[in-house]
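Hello,

Here is the structure I promised to pass on to you. Please open it next to this message, and then read on for what I found in it.

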Amino acid sequence: MSGATPTLLRRRLGAILKTMRMRAGLNLADAAELLGLYGAPTLSKIENGKQRPELDKFLAVYGVDDPVQVTEIRKIAEIASASRQQRLFAQYRDVIRPRFADFIELEQLAARADIHAAVLIPGLLQTPEYAHALISGGDVWKTSREARAFTDLRMKRQEILGPIPKPTARSPLALRCVLDEACLRREVGGPAVLREQLEHLAEASRQANIELQVVPFKAGTHAGLDGAYTIFHFEVGDPVVAVEPLSTSLYVEEDDQVARYAASFDRLRAQALDPKASRDFIARVAKETS
């Protein structure tokens, strides 16, 4: 990602730096002078996530010396400036749109993702055949080559679920997913593709870092009827919610709104079948699919 690109995570770090400046009682111009920057516009770029900061200078000038706070800010800065797979962006830049780049970065850096799937199997759990049928059947891509590249990207994204071979690498993403029964019934790619997808889903649910639950139709009204979303949790810093309308993702970061989604997800998990019963349910639907 370009150093001038204000990714969502760098904007979050910039917002923390802005809060630190305001608590120190400094305006943009005075703070920029104390930091040795080229005026207020440069500091404004940093606070908007468009330019990386020299964090030690900011901590010193703003008088932030509490060890716990300093450690957390440093970790947030590390997360904002690093990615598990920078090669992903370079290899698939032609099919990664700006708003989806934010989504991928959050997905790559999260410690846990809580997903509510309302209509379709989530991308991290799709088989290549299911993904290809879904992607090529849409009207977003100009050429079949773009559709194939986006399918390949989706498969690459699944590597974060592990196993990750390098001992120094981050742990695999912890995934908790609640699926509406509609996800299991929609025949994307036809019966054979769906059956293979469901069998893959049941097998994936056996991984230690993956928890799958199903809300069956007979549950009636439930907490997820408003649509699909993903809550990304990080080792440090607040969670971010990605809400998935028709064509893009919208991001929710305000504490009260994130808390509403988290509470809704907890209610969904309580309403859904438990993981073992869900696995059995998925296996039954797979056998029924022909």
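Before anything else, a word on contact: two residues are in contact when they have heavy atoms within 4.5 Å of each other. Please also keep in mind that this is a predicted model, where local features need pLDDT of at least 70, side-chain atom pairs count only at pLDDT 80 or more, and totals for chains, interfaces and linings use all residues. Residues are numbered from 1 along each chain as its sequence is written, and side-chain values use heavy atoms, with hydrogens and water left out.

Let me start with Gln158. Leaving aside neighbours within four places in sequence, Gln158 is in contact with Gly123, Leu124, Leu125 and Gln126. A polar atom of the Gln158 side chain lies 2.7 Å from the backbone oxygen of Gln126. Gln158 belongs to the loop between α9 (144-157) and β2 (174-180). Helices (H or I, at least four residues) and strands (E, at least two) are DSSP runs, numbered from the N terminus. Is Gln158 buried or exposed? Gln158 counts as buried, at 16% relative accessibility. Here buried means under 20% relative accessible area, exposed means over 50%, and partly exposed is in between (1.4 Å probe, protein chains only).

Now the overall picture. The protein chain has 13 helices and six strands. Its C-alpha trace spans about 70 × 45 × 40 Å along the principal axes. Of the 290 residues of the protein chain, 46% count as buried. Among contacts between residues at least 6 apart in sequence, 72% join residues at least 24 apart.

Next, the interior. A nonpolar core is a set of buried Ala, Val, Leu, Ile, Met, Phe, Trp, Tyr and Cys residues joined through side-chain atoms within 4.5 Å. The largest one holds 76 residues, and Tyr62, Leu125, Leu153, Leu184 and Phe234 touch the most other members. Another core, of 11 residues, lies apart from it, with Val215, Val241, Leu268 and Ala272 among its members. To get a feel for the surroundings of Leu153, look for Leu88, Tyr92, Val95, Ile96, Phe100 and Ile104, which are in contact with Leu153 once its neighbours within four places in sequence are left aside.

Helix α2 (residues 28-35) is a nice one to look at. Its buried residues are Ala31, Ala32 and Leu35. They lie on the same side of α2 because they cover an arc of only 100° around the axis, the arc being that of the directions from the helix axis to the C-beta atoms. What covers these buried residues includes α1 (8-23), α3 (40-47) and α4 (55-61), while Glu33 and Leu34 are exposed on the other side of α2. At the N-terminal end of α2, Asn27 acts as a cap, with a side-chain oxygen 3.2 Å from the backbone nitrogen of Ala29. Just after the helix, Gly36 has a positive phi of about 75°.

Then there is strand β4 (residues 229-233), where five of the five residues are buried. Tyr229, Ile231 and His233 point one way, and Thr230 and Phe232 the other way. In a regular strand the side chains alternate between the two faces of the sheet. Which strands pair with β4? Strand β1 (residues 112-117) runs antiparallel to β4 and is joined to it by five bridges, with Ile231 as the partner of Asp114. Strand β5 (residues 240-243) is also antiparallel to β4, through four bridges, and there Thr230 is partnered by Ala242. Two strands pair if DSSP finds at least two bridges between them. β4 and β5 make a hairpin with six residues between them, and Gly237 in the turn has a positive phi of about 85°.

Finally, the cysteines. The structure holds zero disulfides, a disulfide being a pair of cysteine sulfur atoms within 2.5 Å. Why is there no bond at Cys177? The closest cysteine sulfur, in Cys183, is 7.4 Å from that of Cys177, so it is too far for a bond. Both residues are tucked away from the surface by these cut-offs: Cys177 is buried at 2% relative accessibility, and Cys183 is buried at 0%.

Happy exploring!

Key. A polar contact is a pair of N or O atoms within 3.5 Å; within protein, one must be able to donate a hydrogen and the other to accept it, and residues adjacent in sequence count only if both atoms are side-chain atoms.
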